[in-house]
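Hi,

Here's the structure I promised to send over. Have a look at it first, and then read on for what turned up.

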Amino acid sequence: MLHILWLILKFILIILGILLGLLLLAVLLVLFCPVRYKASAVKAEGGWKQTEGEGIVSWLFHGISLRAEWKDQQMEISFHLFGIPVDKLLKKRQEKRDITKKSGKNSEKSGAEKVSVSGIDGSREEEHKKSVVDHPQSENMETEDLKTDRNSASGTSADTERIRNSQISGQQELNADDTDRNSLKKRQFFIKRIYDRIRNIFQSIRTKLQNIRRTFGKIKKNVSWWKAFIEHPRVTAARKLVWKHGKFLLKHIFPTRIEGQVTFSFEDPALTGAALAVLGMTIPFHKNCIQIDPRFDSENYLYGNIRAKGRIYGFVPVRAAVSIYFNKNIKYVIKRWKTRRA
């Protein structure tokens with residue numbers, strides 16, 4: 001019995017050891033196996049439509065790679081997993097699904113059209129029969145209603161005229177009294193309206209002045225707080241630390257090798273000289289690896305080629321993030337930012 005239990009525990013421990021080993025291997029690969037990238041661009045003589053470019057990002061010794069190519073004004077993207085074109089397999093599977101869906105829809109449409117045609121023919125026949133049966137009865141009912149309406153209208157016309165004449169005479173007497181009252185009410189309402197407008201204008205001006213004073217007070221407090229916050233020695237130390245690691249990360253991410261040749265010219269020679277001055281500022285980045293050939297031919301053209309490649313190790317950004325997160329000055333900055341106290 002103990003021997004069996006020991007074998008079970010041994011088997012479980014072996015599985016746990018394998019899982020831990022795989023996890024450790026994955027962490028080591030993420031930290032120390034670099035992500036490599038390559039980029040190239042070619043511009044031939046002529047328009048910008050003749051520009052071609054290519055970019056490749058790979059990891060795990062080119063086992064996982066993503067490639068993007070720009071050619072003939074079209075972008076082509078391909079993804080390979082250990083030499084297997086995953087994107088092409090997915091496209092083929094999607095095309096097969098689309099074909100099966102189209103075939104199923106066509107069969108359903110053909111059956112539905114047959115049913116709808118038969119149903120429409122039957123309904124048309126029933127409506128024609130009903131219209132033939134019901135038409136004469138509706139005409140007789142309409143003629144009888146018209147006769148009764150004419151007889152009733154001739155009897156009540158005389159009474160309505162008498163009532164209208166009496167109502168008009170009474171309304172004329174009442175309107176004479178109401179006009180005097182309405183004129184007084186309109187005058188009082190007009191005066192009150194002018195008074196209310198003047199009062200509202202003065203109140204709005206006072207409230208706006210109070211709001212302006214409050215906003216200026218808030219701005220003054222915020223400026224003083226920001227000034228004290230930025231000039232604090234621990235904040236300046238945290239800022240320097242972030243700048244140091246950020247500068248190192250940019251240097252690490254930047255391509256390790258750049259090659260190329262660029263030839264350009266403008267119609268105005270002054271523009272050519274200005275462009276050459278701007279490109280001279282980029283020498284510290286590519287270390288004069290790109291050969292720039294300016295020409296003062298009084299023409300507009302640009303052609304050349306550029307190639308660059310580099311690598312990114314995972315432990316570099318992880319080290320920077322850990323050192324920044326556990327720094328005491330950074331924690332002080334975060335705490336003071338949350339509390340917003342001077």
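Let me start with the lining of the second largest pocket: its residues split into 6 charged, 4 nonpolar and 1 polar. Bear in mind throughout that this is a predicted model. That pocket holds about 210 Å³ of space. If you want to select the lining by hand, it consists of K38, A39, S40, E54, I56, R257, I258, E259, R307, A308 and K309. Strands β1 (35–43), β2 (51–59), β6 and β8 (301–312) are the elements that each put two or more residues into it.

Now the largest pocket, which comes out at about 470 Å³. It has 16 lining residues, and those closest to its centre are K251, F254, P284, F285 and K287. The lining here divides into 8 nonpolar, 5 charged and 3 polar residues. Which elements supply at least two residues each to this lining? They are α3 (233–253), β6 (257–265) and α5 (283–286), and α3 gives the most, with 5 residues. You'll notice that β6 turns up again: it supplies residues to the lining of the largest pocket and also to that of the second largest.

Away from the pockets, I also went through helix α7. It covers residues 328–339, so to speak a run of 12, and spans 17 Å from its first C-alpha to its last, close to the 16 Å expected at 1.5 Å a residue. Its buried residues are N329, I330, V333 and R336. Looking down the axis of α7, these fall within an arc of 130 degrees, so they line one face of the helix. On the face turned away from that buried side you'll find the exposed residues K328, K335 and K338.

Both ends of α7 have a detail to look at. At its start, a side-chain oxygen of N327 comes to within 2.9 Å of the backbone nitrogen of N329, which is itself one of the buried residues of the helix. After the helix comes R340, with a positive phi near 55 degrees.

One last residue to click on is N300. It sits in the loop between β7 (290–294) and β8. Is N300 buried or exposed? It is exposed, because its relative accessible area is 52%, and the cut-off for exposed is over 50%. The C-alpha of N300 lies 9.8 Å from that of T272, and the two residues are 28 apart along the chain.

Cheers

Technical notes
Residues numbered from 1 in each chain as written. Predicted model: local features only at pLDDT ≥ 70, side-chain atom pairs only at ≥ 80, totals over all residues. Heavy atoms only, no water. Helix = DSSP H or I, 4+ residues; strand = E, 2+ residues; numbered from the N terminus. Expected span 1.5 Å × (residues − 1). Buried < 20%, exposed > 50% of the residue type's maximum accessible area, 1.4 Å probe, protein only. Arc of directions from axis to C-beta. Polar contact = N/O pair within 3.5 Å; in protein donor to acceptor, adjacent residues only side chain to side chain. 1 Å grid on protein atoms, 1.4 Å probe; cavity = no way out; pocket = protein on both sides within 12 Å on 5 of 7 lines; lining within 4 Å. Points joined across faces, edges and corners; volume = space filled by probe spheres on them. Nonpolar A, V, L, I, M, F, W, Y, C, P; charged D, E, K, R; others polar.
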